[in-house]
Amino acid sequence: MSARIILILLVAAFVLGLSLGPAVAEERTVVGTIVRVDPAVGVLVVRDAAGASWSYKVEADAGIDLSVFRPGDRVKVTIGRATPLNMITPADLLRKGDRIEVAPY
């Protein structure tokens, strides 16, 4: 391959990389079983079907009542705000607009 073709391919790859920008997920949901819930401190831990544990800390003004949930309950936790895909982690703050719902089996 000639040096000119390699240079053109490198420049094209660079320009394409600049034009893509960060990908954003609008909303994301985890469905699983509660393994730990502590309403007093606002902590919830959910294990999904793949065995991954997802820890959540509920902010005081989120409007989410953890006292209605028990370990063993199957729930759907939805983060309602946009999150860059590279920032999705197994530990999140639940804020106003996020929700926890009972999920069917």
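This is a short tour of one protein chain, stop by stop, for a viewer window. The model is a predicted one.

**Stop 1: the whole chain**

Start with everything shown as a cartoon. How many helices and strands are there in the chain? There are one helix and eight strands. Now trace the chain along its sequence. The pattern reads α-β-β-β-β-β-β-β-β.

Switch on the surface. The chain exposes about 6,900 Å². Carbon and sulfur atoms supply 64% of that area. Of the 105 residues, 28% count as buried.

Next, think about contacts. Take those in the chain with a separation of 6 or more. Residues 24 or more positions apart account for 62% of them.

**Stop 2: the nonpolar core**

Hide the surface. Select Leu44, Val46, Tyr56, Leu66, Val77, Leu94 and Ile100. These belong to the largest nonpolar core, which has 17 residues. Within that core, these seven touch the most other members. Which elements give two or more residues to this core? They are β2, β3, β4 and β5. To find β3, select residues 43-48.

Zoom in on leucine 94. Leave aside its neighbours within four places in sequence. Leucine 94 is then in contact with Tyr56, Lys57, Val58, Glu59, Ala62, Ile64, Val77, Ile79 and Ile100. Keep Glu59 in mind from that list. It returns at Stop 4.

**Stop 3: a buried salt bridge**

Now look for charged pairs. Side chains of opposite charge can pair when their charged atoms come close. A search of the whole structure finds three salt bridges.

Select arginine 28 and aspartate 92. Their side chains meet in a salt bridge, with 2.8 Å from N to O. Arginine 28 sits in strand β2, residues 28-38, and aspartate 92 in strand β7, residues 91-94, so this pair ties together parts 64 residues apart in sequence.

Are arginine 28 and aspartate 92 buried or exposed? Both are buried. Arginine 28 has a relative accessible area of 12%. Buried means under 20%, so arginine 28 qualifies. The two side chains are also joined by a polar contact of 2.8 Å.

**Stop 4: two partly exposed salt bridges**

Select arginine 95 and glutamate 59. They form a salt bridge, and their closest N and O atoms are 3.6 Å apart. Where does each one lie? Arginine 95 is in the loop between β7 and β8. Glutamate 59 is in the loop between β4 and β5. The pair links distant parts of the chain, 36 residues apart. Arginine 95 is partly exposed, at 34% relative accessible area. Glutamate 59 is partly exposed too, at 28%.

Move on to lysine 76 and glutamate 101. Their side chains meet in a salt bridge, at 3.6 Å from N to O. Lysine 76 lies in strand β5 and glutamate 101 in strand β8, so the pair ties together parts 25 residues apart in sequence. Lysine 76 is partly exposed, with a relative accessible area of 31%. Glutamate 101 is partly exposed as well, and its value is 31%.

**Stop 5: an exposed valine**

Stay in strand β8 and select valine 102. At 65% relative accessibility, valine 102 counts as exposed. The cut-off for exposed is over 50%, which is why valine 102 falls in that class.

Which residues does valine 102 contact, leaving aside its neighbours within four places in sequence? They are Phe69, Arg74 and Val75. Now show the C-alpha atoms of valine 102 and aspartate 73. They are separated by 7.4 Å, while the two residues are 29 apart along the chain.

**Stop 6: a buried charge without a salt bridge**

Finish in strand β3 with aspartate 48. Aspartate 48 is buried yet has no salt bridge. The nearest side chain of opposite charge is arginine 47, and it is 7.1 Å away. A salt bridge needs N and O atoms within 4 Å, so this pair does not count.

What does the side chain of aspartate 48 reach? One partner is the backbone nitrogen of alanine 50, at 3.0 Å. Another is the backbone nitrogen of alanine 52, at 2.9 Å. Last, show the residues that aspartate 48 touches, not counting those up to four places away in sequence. They are Val30, Val31, Gly32 and Trp54.

Notes
Residues are numbered from 1 along each chain as its sequence is written. This is a predicted model: local features need pLDDT of at least 70, side-chain atom pairs count only at pLDDT 80 or more; totals for chains, interfaces and linings use all residues. Side-chain values use heavy atoms; hydrogens and water are left out. Helices (H or I, at least four residues) and strands (E, at least two) are DSSP runs, numbered from the N terminus. Buried means under 20% relative accessible area, exposed over 50%, partly exposed in between (1.4 Å probe, protein chains only). Contact means heavy atoms within 4.5 Å. Accessible areas come from the Shrake-Rupley method with a 1.4 Å probe; for residues, only the protein chains shown count as cover. A polar contact is a pair of N or O atoms within 3.5 Å; within protein, one must be able to donate a hydrogen and the other to accept it, and residues adjacent in sequence count only if both atoms are side-chain atoms. A nonpolar core is a set of buried Ala, Val, Leu, Ile, Met, Phe, Trp, Tyr and Cys residues joined through side-chain atoms within 4.5 Å. Lys and Arg count as positive and Asp and Glu as negative; His and the chain ends are not counted.
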